[in-house]
Amino acid sequence: MRKRLLVRVAAGVLAATLGVVGVAQPATAAPAQAPAAKANAAMAFDWVGAVIAVAGALYGGGGGSNLDAAVQQIIAAIEESEANILNHIDAIASAEVRACARAHAIEFSDINNMSTSVRQLWAQAATQCAALATAYLDAVVSKNAVDNLGHVIGEIYAIAIAARVKANLLNGVDLLLRDQVRSYEVVVAKLAPSCSEQRYVEYDTYGRVVTVEIHYTCVAYNGDQATDYELYYLGRLMGRPLDRNAVANSATRNTSRAVALEALPRLRSALP
């Protein structure tokens, strides 16, 4: 039997920018590097879950004591992790957003001591701060600036939503929830990694395709990478297919894009 000679040829590189969905972990992703923010107690609290609990009590018919308990959980979390929240807020590039977010994080622990009129004015100011944060995300170009703000969007909106409930300004809570969803969508889109694809083709001596390997690599703005591939032999896929979205998500695992990807489906399900 004549031995076939296989020649490997690189078929070229196709640059691509990936979309915003998918959560699977590619098998050959680069090892994660845990950022310092993960050690913060502020990041450990489930801010999205707390907001969803408020929305559930408000729109799901629970109301009353359930709503009070959900709001009180946010108040307690802010008090417990105020220093860590402020450290994260201090990294925000916009002086205006940083100032209002810092002021509301500091003052929030006194919300139960405010008079009704003061509480209502304070809740409106907290709502304006959340809206300002979303507007800044829409306008800013720097990925580092987007990332820093993306890490505290949960806290900013938790404060605004809890404040409106405490002030009995319930009509705007649903709009705040939608703005929080939009904020995370912006984070996901703006922190999408840079991705490229390479195809390697092996031919036999008659010029017929024997194997095709497709390699996909993504690099996040902070330098983290992830890669995966799929292999075809005589036109048949060998093993599992390549999940490009999963590669992109793995590359951005240490950015607030990962926070946003986890939060979005939960928040969308809580919308009234």
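The exchange below goes through some labels attached to this predicted model and the cut-offs behind them.

Residues are numbered from 1 along each chain as its sequence is written, and side-chain values use heavy atoms, without hydrogens or water. Local features need pLDDT of at least 70 and side-chain atom pairs count only at pLDDT 80 or more, while totals for chains, interfaces and linings use all residues.

Me: Why is the pair of phenylalanine 45 and tryptophan 47 called edge-to-face?
Reply: Rings of Phe, Tyr and Trp (its six-membered ring) pair if their centres lie within 6.5 Å; planes under 30 degrees apart are stacked, over 60 edge-to-face, the rest tilted. Here the centres are 4.5 Å apart and the planes at 70 degrees, so the pair is edge-to-face. The whole structure has two aromatic pairs.

Me: Why is tryptophan 47 classed as buried or exposed?
Reply: Buried means under 20% relative accessible area, exposed over 50%, and partly exposed in between (1.4 Å probe, protein chains only). Tryptophan 47 has 6%, so the residue counts as buried. Its partner phenylalanine 45 has 22% and is therefore partly exposed. Of the 272 residues of the protein chain, 45% count as buried.

Me: What makes leucine 234 exposed?
Reply: Its relative accessible area is 57%, so leucine 234 falls in the exposed class. Leucine 234 lies in the loop between strand S4 (225-233) and strand S5 (236-238); strands (E, at least two residues) and helices (H or I, at least four) are DSSP runs numbered from the N terminus. Neighbours within four places in sequence aside, leucine 234 is in contact (heavy atoms within 4.5 Å) with Val209 and Val210.

Me: How do you know that the charged end of arginine 244 sits over the ring of tyrosine 216?
Reply: The rule asks for NZ of Lys or CZ of Arg within 6 Å of the ring centre and within 35 degrees of the ring normal. The charged end of arginine 244 is 5.5 Å from the centre of the tyrosine 216 ring, and is listed as sitting over that ring.

Me: What makes the lining of the largest cavity eight nonpolar, one polar and one charged?
Reply: A cavity is a set of points on a 1 Å grid over the protein atoms alone where a 1.4 Å probe fits but cannot get out, and lining residues have an atom within 4 Å of a point. Ala, Val, Leu, Ile, Met, Phe, Trp, Tyr, Cys and Pro count as nonpolar, Asp, Glu, Lys and Arg as charged, and the others, Gly among them, as polar. The lining residues include Ile85, Cys100, Ala126, His104 and Glu155. By these classes, His104 is polar and Glu155 charged.

Note on methods
On a 1 Å grid over the protein atoms alone, a cavity is a set of points where a 1.4 Å probe fits but cannot get out, and a pocket is an open set with protein on both sides within 12 Å along at least five of seven lines; lining residues have an atom within 4 Å of a point.
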